[in-house]
Each structure stands twice: as structure tokens, then as C-alpha cells.
Amino acid sequence: MARYDFVIAGAGLVGLSAALALTRQGLKGLIFDHGLAPSAASGATQVLGLDRSPRVSAINPASVKFLTQLGVAPAFFDQAGCSVSGMTVWDGDGSGELSLPSAGYIIENHRLLNALFNALGQPSIAEALTQQFEVGIVDLQQDDETVSITLTTGETIQSGLLIGADGSASRTRDLLGIQSVAWRYDQTALVCVSETALPHQGIARQSFTPEGPLAFLPLPEPNHSVLVWSSTQAQAQLHCSEKEFAAMASVHSARPLGPVTAIGARAVFPLQQQHAIRYAKGRSVLVGDAAHSIHPLAGQGLNLGFADVVSLSQAIENLRLDQRQSLSEALRRYEAQRRPVNLRMTAATDLLKRVFDPPSPLLRLARSTGMRWLQNQTRLKQALSLAAAGHL
Amino acid sequence: MTTAENVDPIEIQKFEDMARRWWDPDSEFKPLHAINPLRMHYIAERATLAGKRVLDIGCGGGLLTEALATAEASVTGIDMGTLPLQVAKLHQHESNLEIEYLQSTAEDYAEQHPGTFDVVTCLEMLEHVPDPDSIINACGKLLKPGGDLFLSTINRNPKSYLFAIVGAEYFLRLLPRGTHDYQKFIRPSELASSLRTHQFDLQNLVGMTYNPITQHYALSGDTQVNYLMHARYEPF
Ligand SMILES: Cc1cc2nc3c(=O)[nH]c(=O)nc-3n(C[C@H](O)[C@H](O)[C@H](O)COP(=O)(O)OP(=O)(O)OC[C@H]3O[C@@H](n4cnc5c(N)ncnc54)[C@H](O)[C@@H]3O)c2cc1C
């Protein structure tokens, strides 16, 4: 029976980064995913312009640093992504505007995925890590020394550590019997690539529209952005004509970016916030969206997942320093470090969403006054941009 | 330097304080218990022990010394710490093994017993003495021509500093503070050159690394922190 130091369920961005971090510590492991192998999945790597994939993430400086340490070339970020110099948030009716300095990149998820797979291809790492695709988890059992994991192939494998990185619908979390608290929103995220009349100048923009927050995330092409509309009207917006949709979006884009002149294919994602009541159990642990998923409005979900992996891998590294501590103690230490921070970010995002959500006139007034007030609060603005940069 | 000076009295005192907990595998000596089977296996694979004369320099509480005796070697253990030697002798009563324990420096003992031993071991000790080269010289004197020498110590680089000093000693007081002194850490190249000077042939160099998940040590190519060396005394 195969035995590994660690097994990771889920080869998403967070799971792959965990695999890299741990193999770089000299550990041997297995990562599996129920999806297709990357070569089969990423046929669309070089697509540019409006037809590119609209799944993008805002990567803050802390995440850039972490990914660079994992072996992603520093030049990758400028080549593959759009460097972001600022963030502007405004009220749909133009009554309040807030600008924050910002740093980091907007990068397409599949490019980031490719970069991580490339880093995993280095001989010393490829040797230490087994990858399996179209494989899911069926069952798990754990005692003081070992986690036994049964896969959909019927095979049972043994590991010293199991990491659940299988996203917000985590099967690992269910098998561990870890409860999670979920909030559903009445909004759905509609995403597509858009072209605007004016260039984005490397600024990420977000408008609070009556349907819900609408973000324009800059892409490498000066007039292309990914449009993310967390909207109560997503179904209608999905099924109307491109022209009609462009007209709806142009109402909000007009002032900074000019009208939306063209769009790519539209896709929708359900929105919810969710938080596991614990991250660690015995020799098993949750990271990324398996532990917490948050509203995309703050663009922080992936950043939190990477920060989880930084903390987890440090907790394991510390076991070399303190050899009397057990692995489960280290995992609890990771949980104690990350859960409060992730909860705070979740709560802040939820609050932001609620404040900007209901179109009641009184709240609108408070909101625009509030934004003007905030615009003048240098220290608060600094705190906000620090939080966005991952220094929360 | 005269032989009597190659002992740091403060170092001896530090070891006496911890000697009582030596044989407790859950004490701060846990790492020593964890690496003992590994280094013993390394030695037994590379040298014949049964019926041979073996000297364990810096034997401490006798962890390795007893393992050597169990492998049917005729073993002498020397150390300068009074308390660790008492611990070793006390434990010897329990285990009923035939071992000679003596309080002596390697240099003095070499003057009295030149060319006596088939195997000399000096593990986790060189990083505690002011002049490791003088110990290597003594090891040469003690060995018969063709005899085997086993050494282990801590490399000197930022990583070993972190693990050995910050980690083991300060991080959660695994070993009492000040057990190790960074300047005394020795690079494998420095040790190899000292061995050559004293007519040894380097046979093998291997790293010892800790797996934090299985919580076991293993031999590996990574000599960045702890390493073991095997050399043969070839005076002609
Ligand atoms: C519309 C939208 C916009 C977003 N924008 C941003 C942003 O700008 N910035 C940001 O930081 N974050 C953003 N996020 C959040 C971000 O996408 C997620 O936080 C991040 O992708 C989570 O990564 P993960 O690896 O934890 O999970 P996932 O990416 O969900 O990966 C999970 C992996 O596990 C696999 N899997 C699932 N179940 C199983 C199973 N049973 N067995 C085996 N494998 C399994 C899946 O195939 C998948 O590969 C956004 C999210 C949405 C929905």
C-alpha cells in the first residue's frame, strides 16, 4: 500500500501551491483532483482578447511574494497579468467616490494554474510528488499516526497528513464531519471579458449599482477588463443580447471607462459565503475555499487561500525546530492563526456588501457621505489598502 | 595548546544539568533518541563491531555506547562530564552490559592508549570543543592502522543556525540555551581537511534530516544541518 508524507485533495490554485510548498520542504506527497489533467484541460492557454477565459484573480503583493518563493518566475506576473496601481470604488449614482493606492496583479486563473504546474515540473519536485486526475475521495479514516484515504479508483492510500483543498463544496470537509456555516446571497456573479472605449490605466474599478456591485478588473490589453457583476438580475443579464448587456453595463462604466463596446462569452457563478467551524482535525486540515469562501467583491478569496498555505507550511516547518510538538498540535496552531483573520475578512466583506446593497434612500445618503468622509481619512485608507495588500 | 586546555569548564557544567533526563525519550533529549538507531545502523553497516575494540568519545549518558555494546563490541566510553558519566554507569546497571566508562579527554586517553582501537566514534561532540582538530589528531593516535572513525556534527550556515540554535535551543527550550555555539559549528569541508592532515581517508559523508510529519530522522544527501562522516585511518 502506497504511503506518503502528505496527500492533497484538490489540484486547484490553493492545493497546487500547498503541494509546491511541502515538496520544497523535502516531503513526498500525492495530489489528486476529480477534474481533468492540466494538458487536457488547458487547451485555451494562449487565447487573448475578448475570447479569453473570464476567470481572473486579484493577486496581492503577499501572494506574489509567496508564489515567487515557490518557484514562479518573477517575470511571470508582468508577462501574464496586468499590474494594478490603484483601486477606485464609486457609488452607482455618482455621488461618492473613493480611490485607494493598490498594488498587485490581475491574472487569469488558468495562467496561474499553468505557472504552478510548470513549477511542479522541476525534476526534484516532480520526483517527490505524484499527481492523479479524474480521481476523487470516497472515504477516510485516521488514527494517531496515519490517515487512510479511499479513492474513487478503489485504491486505499496512507498518509501522515491529509490536506483538503477541494474548494467550497469540499468532500473532504464532509468526510471529516466538519460543519460549516453558509450564507447565500440573492445575487449571482456574472463574468465576461469586456472592451471599453477608454483605457483602464491599470486601475481596478468597482461601482455599486442597484443590481449589485459591478467590478472592472484590468487585463494586459489597455482597453480590456474582466467584468464581474454580482447581480440580482444575473439570469436576465445572461440571456439578453450582447448589445443589450453592453448597454446595461455602459450606464455604470461610462464615467471612468466610457461605454462598453464589446463583450466576450458570459458565465455565471452562484455566490455564497461559507466558513468551516474548524480547519483541523487529527492529521487532516482544510485550506482555501474548502475552509472559507467569501463574496468576490473584495477580490480576496484566493489571497486568503495562499495565506493559509503560507501559515500551514510554516507550522509544519516549525515541527523541525520543536520536535516534541505533534503534527495535530501544529495543525491546530495553523487554525488558530488563520481562522480569526479569515473570519474578519469574511465579516468585513459581508458588511461592505450589505451597506452598499439595499437601495434605500437613507442608506444611499449615508453611503455617499460616508465615502466622501472616507476619502479624507488618510489613516483609514492606509489601513484599507494594507488589508487589501494582504497585511491584515 | 596543551591537552588539559581542550575542555571548556562551562560546557561541562551545562551538560551536567541535563544529564538526569538523558535516558528519558520524551525529555528534551528526544532528538538524540530519535537519531540513535540511525547513526548506530550507519556505523554497523560500515564497520565490524562484534569482538572489536571500540572507543566512544564524548559518550555522554551512554546512548550510543550501550548500542555499540549490544552489538557485541568491547566498548570504552569517555567523557569529561561527571554527571553524564554517572547517568551512564547507573543505566549500565539496569541494562547489564559490559562497558568501561572513564572520565578523560580524548587527548590524554590517546597518550595512554595509542594504536589500541579498531573503531572510534565521536558523535555530536565536536561542536562542543574549542579545538576539534586536536580531537581528530587524538583519534588517529587511538586507532590501529586501517581503523574506522565515525564523526557527526552540525554544519555551519544560516540554515543550520536556525535549526540547531534557534530551533532546538531557543524556540521551545528543547535544549538549554547555550548548548550550542554557532562559531563552533563545522563545515564538512573543514572537517575533511582536518582528517586529511591527520592521515585519514574520507570514506563517506551523509546528511541526517528530520521529517516533521512522520517525526523520524532519515539519512539523506542533505548535509545542510546534521551530518555523519566515516573515515579510515591510513597512516602509511
Ligand atoms: C466570480 C468569482 C470571482 C472571484 N474573484 C477573485 C479575485 O479577484 N481574487 C481572489 O483572490 N479570489 C477571487 N475569487 C475566489 C477564488 O476564485 C477562490 O477563492 C479560489 O479559486 C479558491 O481556490 P481553491 O484552490 O481553494 O479552490 P478551487 O479553485 O475551487 O479548487 C478546488 C479543486 O478541487 C477539485 N475538487 C473538488 N472536489 C473534489 C473531490 N471530491 N475530489 C477531488 N478533487 C476535487 C476541483 O476540481 C478543483 O480543481 C473569485 C471567485 C468567484 C466565484
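**Exercise 1. Work out which sequence separations account for most of the contacts in chain A with a separation of 6 or more.**

Solution. Take the contacts in chain A between residues with a separation of 6 or more. Now pick out those between residues 24 or more positions apart. They account for 71% of the contacts in that set. Keep in mind that this model is predicted.

**Exercise 2. Describe chain A by its secondary structure, its buried share and its exposed surface.**

Solution. Start with secondary structure: chain A has 13 helices and 20 strands. Next, burial. A residue counts as buried under 20% relative accessible area. By that cut-off, 53% of the 392 residues of chain A are buried. Last, the surface. Chain A exposes about 16300 Å². Carbon and sulfur atoms supply 55% of that area.

**Exercise 3. Find what surrounds the ligand.**

Solution. Count the shell: 29 residues surround the ligand. The closest are Val14(A), Asp33(A), Arg55(A), Asp289(A) and Leu302(A). Sort the shell by type: 13 nonpolar, eleven polar and five charged residues. Then look at the elements. In chain A, α1 (13-23), β2 (29-33), β3 (56-59) and α10 (301-321) each supply at least two shell residues.

**Exercise 4. Trace polar contacts of the ligand oxygen atoms, then state how much of the ligand the protein buries.**

Solution. Begin with the side chains. A ligand oxygen lies 2.6 Å from an N or O atom in the side chain of Asp33(A). For the side chain of Asp289(A), the distance from a ligand oxygen to an N or O atom is 2.7 Å. Move to the backbone: a polar backbone atom of Val14(A) is 3.0 Å from a ligand oxygen. Finish with area. Taken alone, the ligand exposes 1000 Å², and the protein buries 83% of that.

Definitions and conventions
Residues numbered from 1 in each chain as written. Chains lettered and ligands numbered in written order. Predicted model: local features only at pLDDT ≥ 70, side-chain atom pairs only at ≥ 80, totals over all residues. Heavy atoms only, no water. Near = heavy atom within 4 Å. Polar contact = N/O pair within 3.5 Å; in protein donor to acceptor, adjacent residues only side chain to side chain. Areas by Shrake-Rupley, 256 points an atom, 1.4 Å probe, with all protein chains shown as cover. Helix = DSSP H or I, 4+ residues; strand = E, 2+ residues; numbered from the N terminus. Nonpolar A, V, L, I, M, F, W, Y, C, P; charged D, E, K, R; others polar. Buried < 20%, exposed > 50% of the residue type's maximum accessible area, 1.4 Å probe, protein only. Contact = heavy atoms within 4.5 Å.
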